[in-house]
Amino acid sequence: MKNKSVPIFPRHLLSVADLSSDQVAQFLDRAAILKKEASGSSGTPLRGKTLGLIFQKASTRTRISFEVAMTQLGGHSLFLSADELQLGRGEPIADTARVLSGYLDGLVIRTFDQATLEEWAAHAAIPVINGLTDLHHPCQALSDLLTITEALGRLRGVKLAYIGDGNNVAHSLVEAAARTGLSITLACPKGHGPNESILARARRDAKATGAIVELTTDPASAARDSDVLYTDVWTSMGQERQAARRRKLFRAFQLNRSLVKLARPEAIVLHCLPAHRGEEITDEVMDSPRARIFQQAENRLHMQKAILEWLLRRA
């Protein structure tokens, strides 16, 4: 077994709420530096380190950005399909986590239940990173903060309008807002708002940074005078049977020209992808000069590098 030194807290990144405001700021500063540097010029701080990626959900940006990030930092990554591990034959997560802790230096877990991720973290002797659960998507939200900073030059006082489902991305954005002074209004259909406990905690945390966290069922009121317009798919992975019902219910929550006109002239448009064009966002808006969607996707790589450097150098 590899000899693991005692890690510096926090050992894991399970949600944005795990981080302090200072730590979020450090991630943003470091990711911006890494982005300015040419590929590989940052040296090889993770040389000899190996990252495992265990995914129970499909992935494009999360998987590829983490794999490329490890390569650029001098390390190595292993994609481990959950179906191909002994987990699929009944080996407990606790046992698998202990075994992998002897081989690897970190784990990215993409799964459904947040409790499953927390079980991995409870038994692993190496850093565990949330690559997406049904409850949180912290790496996405941290990358989004980088994109907003690049476009607008600040976070504090920026008004973000999130239009759509109160899902994992919405939860992480709310937590990110509370940590940075960003103000966020979520416009969600009745019964499809964010988790109430996450929202309440974010509002408490927001008092320290001056952030404002609001919830409405009116997309127009959220979009009015906003600096950032953000949307996501109406049907998340695992909800496919609800797709037809959700398309009907969310029809008034489409990010289209009418909503964009209500935002400030310099407002930007974000979408964490993949997008269902013609549903939650129109082609016209997605391909408009306001959109920073593909810059947003690229920034996953740079933020992932900052996260890996911060966690794995201490592993």
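Is His 171 buried or exposed? In this predicted model, His 171 is buried, because its relative accessible area is 4% and the limit for that class is under 20%. The residue belongs to helix H6. Setting aside neighbours within four places in sequence, His 171 touches Leu 135, His 136, Gly 166, Pro 194, Asn 195 and Ile 198.

Helix H6 also leads to the largest pocket. This helix spans residues 168-180 and, like helix H2 (61-72), supplies at least two residues of the pocket lining. The contribution of H6 is three residues, which is the largest share of the lining. The lining as a whole has 32 residues. Those nearest the centre of the pocket are Leu 132, Asn 168, Val 233, Ser 236 and Met 237. By class, the lining residues comprise 15 polar, nine charged and eight nonpolar. The space in this largest pocket comes to about 580 Å³. As for how such space is found, rolling a probe the size of a water molecule over the atoms shows where empty space is left.

The strands can be taken next, beginning with the sheet that contains E1. This is an open sheet of four strands, with parallel pairing and the order E2-E1-E3-E4. Its edges are strand E2 (76-81) and strand E4 (128-132); each has a single partner strand, so one side of each is left without a neighbour in the sheet. From one strand to the next, the twist averages 20 degrees. Within this sheet, strand E1 (residues 50-55) runs parallel to E2 and is joined to E2 by six bridges. One position to look for is Gly 52, whose bridge partner in E2 is Leu 78. Helix H2, already met in the pocket lining, lies across E1, E2, strand E3 (106-110) and E4. The direction of H2 is at about 175 degrees to that of E1.

A second open sheet is made of five strands, again with parallel pairing, in the order E7-E6-E5-E8-E9. Strand E7 (213-216) and strand E9 (268-271) are the edge strands here; each has a single partner strand, so one side of each is left without a neighbour in the sheet. The average twist from one strand to the next is 20 degrees.

Within the five-stranded sheet, strand E5 (residues 159-163) pairs with strand E6 (residues 183-187) in the parallel sense, over five bridges. Ala 161 can serve as a marker for this pairing, since Thr 185 is its bridge partner in E6. Two helices can then be placed against the sheet. Helix H12 (residues 293-312) packs on the sheet and touches strand E8 (228-231) and E9. The directions of H12 and E9 make an angle of about 50 degrees. Helix H7 (residues 196-206) lies across E6 and E7, and runs at about 145 degrees to E7.

Helix H7 contains Glu 196. With 68% relative accessibility, Glu 196 counts as exposed, because that class takes values over 50%. Asp 95 lies 101 residues from Glu 196 along the chain, and the C-alpha atoms of the two are separated by 34 Å.

The loops hold some backbone features that merit a look. Asp 225 is in the loop between helix H8 (219-223) and E8. Although Asp 225 is not a glycine, its phi is positive, at about 60 degrees. Asp 225 is partly exposed, with a relative accessible area of 44%.

Another loop follows the edge strand E9 and runs to helix H11 (283-286); Pro 274 is found there. Leu 273 lies in the loop between E9 and H11 as well. The peptide bond from Leu 273 to Pro 274 is cis, with omega near 5 degrees. Leu 273 also has a positive phi of about 65 degrees, although it is not a glycine. What is the relative accessible area of Leu 273? The value is 13%, so Leu 273 is buried.

Conventions
Residues are numbered from 1 along each chain as its sequence is written. This is a predicted model: local features need pLDDT of at least 70, side-chain atom pairs count only at pLDDT 80 or more; totals for chains, interfaces and linings use all residues. Side-chain values use heavy atoms; hydrogens and water are left out. On a 1 Å grid over the protein atoms alone, a cavity is a set of points where a 1.4 Å probe fits but cannot get out, and a pocket is an open set with protein on both sides within 12 Å along at least five of seven lines; lining residues have an atom within 4 Å of a point. Grid points are joined across faces, edges and corners, and a volume is the space filled by probe spheres set on the points. Ala, Val, Leu, Ile, Met, Phe, Trp, Tyr, Cys and Pro count as nonpolar, Asp, Glu, Lys and Arg as charged, and the others, Gly among them, as polar. Two strands pair if DSSP finds at least two bridges between them. Axes are lines fitted to C-alpha atoms, for helices over the stretch in contact, and angles run from 0 to 180 degrees between N-to-C directions. Contact means heavy atoms within 4.5 Å. Buried means under 20% relative accessible area, exposed over 50%, partly exposed in between (1.4 Å probe, protein chains only).
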